[in-house]
Amino acid sequence: MSLESVKEHFKKWNRDNDIMVFESSSATVQEAADTIGVQPAQIAKTLSFRGKDEKAILVVAAGDAKIDNKKFRQKFEFKARMLSPDEVLEQTGHPVGGVCPFGLENDLDVYLDISLKRFEKIYPACGSTNSAIELTCEELEEYSYAKEWVDVCKGWETENSEAQETENVKA
């Protein structure tokens with residue numbers, strides 16, 4: 001049912017046939033990266049948090065990013081508390097491992113973390129534990145009806161900074 005709601009969502013842009021459905025699992029960042037053949041950081045994972053009024057908020061971030069509790073609290077003015085698997089399903093209509101900001105059960109606020117902006121192509125799930133779609137950041141923003149880009153993650157800059165330093169040393 002969840003995959004079907006996402007397909008229906010993408011019909012608005014004639015992109016429903018662009019959803020990839022796999023024989024193998026793409027439920028974790030690593031499984032999705034292995035299945036699609038991209039680096040784990042390019043997997044756009046959707047994290048579900050308990051909002052101020054018990055309505056969930058979604059943060060879509062790069063596969064190598066982790067929520068920075070301090071940045072999260074500064075941005076949203078409440079502590080980052082992830083939903084339980086049952087709450088995720090109830091709020092989004094999608095099972096854990098297939099959560100995405102498309103075809104949602106409820107009207108939830110979606111935020112996109114800047115950790116994704118490093119990539120030309122990113123791969124969010126499509127409502128099931130064996131699906132994904134290839135999107136640009138601009139497409140993700142449009143199709144998810146995102147409220148805004150935010151900076152609430154950590155971990156990804158370090159790897160990026162080290163790569164930059166290596167490049168600068170080589171130059």
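Is Glu 105 buried or exposed? Select Glu 105 and find out. The residue is exposed, with a relative accessible area of 56%. Keep in mind throughout that this is a predicted model.

**Stop 1: Glu 105**

Glu 105 is found in the loop that runs between helix 4 and strand 5 (109-113). Show its contacts, leaving aside neighbours within four places in sequence. You should see Glu 90, Gln 91, Thr 92 and Gly 93. Now add Glu 8 to the selection. Glu 105 and Glu 8 are 97 residues apart along the chain, and their C-alpha atoms are separated by 12 Å.

**Stop 2: the largest pocket**

Next, bring up the largest pocket. About 370 Å³ of space lies in it. Its lining has 25 residues, and those that lie nearest the centre are Ala 27, Lys 45, Thr 46, Gly 97 and Val 99.

Colour the elements that give two or more residues to this lining:

- helix 2 (29-36) and helix 4 (85-92)
- strand 2 (43-50)
- strand 6 (123-124) and strand 7 (131-132)

Which element gives the largest share of the lining? Strand 2 does, with six residues. Recolour the lining by class. There are 16 nonpolar, eight polar and one charged residues.

**Stop 3: Thr 46 and Ala 27**

Stay with the pocket and select Thr 46, one of the residues nearest its centre. Thr 46 belongs to strand 2. Its relative accessibility is 11%, so Thr 46 counts as buried. Hide residues up to four places away in sequence. What Thr 46 then touches is Leu 58, Val 59, Val 60, Val 99, Cys 100 and Pro 101. Val 99 is itself among the residues nearest the pocket centre.

Ala 27 is another of those central lining residues. Its place is in the loop between strand 1 and helix 2. At 31% relative accessibility, Ala 27 counts as partly exposed. Apply the sequence filter again, not counting residues up to four places away. Ala 27 touches Gly 97 and Thr 129. Measure across to Val 96 as well. The C-alpha atoms of Ala 27 and Val 96 are separated by 7.5 Å, with their positions 69 residues apart along the chain.

**Stop 4: the aromatic rings**

Show every Phe, Tyr and Trp side chain. How many aromatic pairs does the structure hold? It holds ten. One of them joins Phe 76 and Phe 78: the pair is tilted, at 6.0 Å centre to centre and 40° between the planes. Phe 76 is buried, with a relative accessible area of 9%. Phe 78 also counts as buried, at 15% relative accessibility.

Now select Phe 10, Trp 13, Phe 102, Tyr 143 and Tyr 145. Ring pairs link these residues into a cluster.

Finish the rings at Trp 149. The charged end of Lys 117 sits over the ring of Trp 149, 4.6 Å from its centre.

**Stop 5: Glu 141**

Trp 149 leads on to Glu 141. Leaving aside neighbours within four places in sequence, Glu 141 is in contact with Leu 112, Ala 146 and Trp 149. Glu 141 has its place in helix 5 (residues 137-144). Its relative accessible area is 33%, so Glu 141 is partly exposed. Add Val 110, which is 31 residues away along the chain. The C-alpha atoms of Glu 141 and Val 110 are separated by 9.1 Å.

**Stop 6: two positive phi values**

Most residues other than glycine have a negative phi. Which way does Tyr 145 go, positive or negative? Its phi is positive, near 55°. Tyr 145 lies in the loop between helix 5 and strand 8 (148-150), and its ring belongs to the cluster at Stop 4.

Asn 14 also has a positive phi, near 55°. This residue sits in the loop between helix 1 (2-10) and strand 1 (20-21). At 68% relative accessibility, Asn 14 counts as exposed.

**Stop 7: Asn 17**

Stay in that loop for the last selection. Asn 17 is found there, between helix 1 and strand 1. Asn 17 is exposed, with a relative accessible area of 70%. Draw a line from Asn 17 to Ile 133. The two are 116 residues apart along the chain, and their C-alpha atoms are separated by 9.6 Å.

Technical notes. Residues are numbered from 1 along each chain as its sequence is written. This is a predicted model: local features need pLDDT of at least 70, side-chain atom pairs count only at pLDDT 80 or more; totals for chains, interfaces and linings use all residues. Side-chain values use heavy atoms; hydrogens and water are left out. Rings of Phe, Tyr and Trp (its six-membered ring) pair if their centres lie within 6.5 Å; planes under 30 degrees apart count as stacked, over 60 as edge-to-face and the rest as tilted. Buried means under 20% relative accessible area, exposed over 50%, partly exposed in between (1.4 Å probe, protein chains only). A charge sits over a ring if NZ of Lys or CZ of Arg is within 6 Å of the ring centre and within 35 degrees of the ring normal. Helices (H or I, at least four residues) and strands (E, at least two) are DSSP runs, numbered from the N terminus. Contact means heavy atoms within 4.5 Å. On a 1 Å grid over the protein atoms alone, a cavity is a set of points where a 1.4 Å probe fits but cannot get out, and a pocket is an open set with protein on both sides within 12 Å along at least five of seven lines; lining residues have an atom within 4 Å of a point. Grid points are joined across faces, edges and corners, and a volume is the space filled by probe spheres set on the points. Ala, Val, Leu, Ile, Met, Phe, Trp, Tyr, Cys and Pro count as nonpolar, Asp, Glu, Lys and Arg as charged, and the others, Gly among them, as polar.
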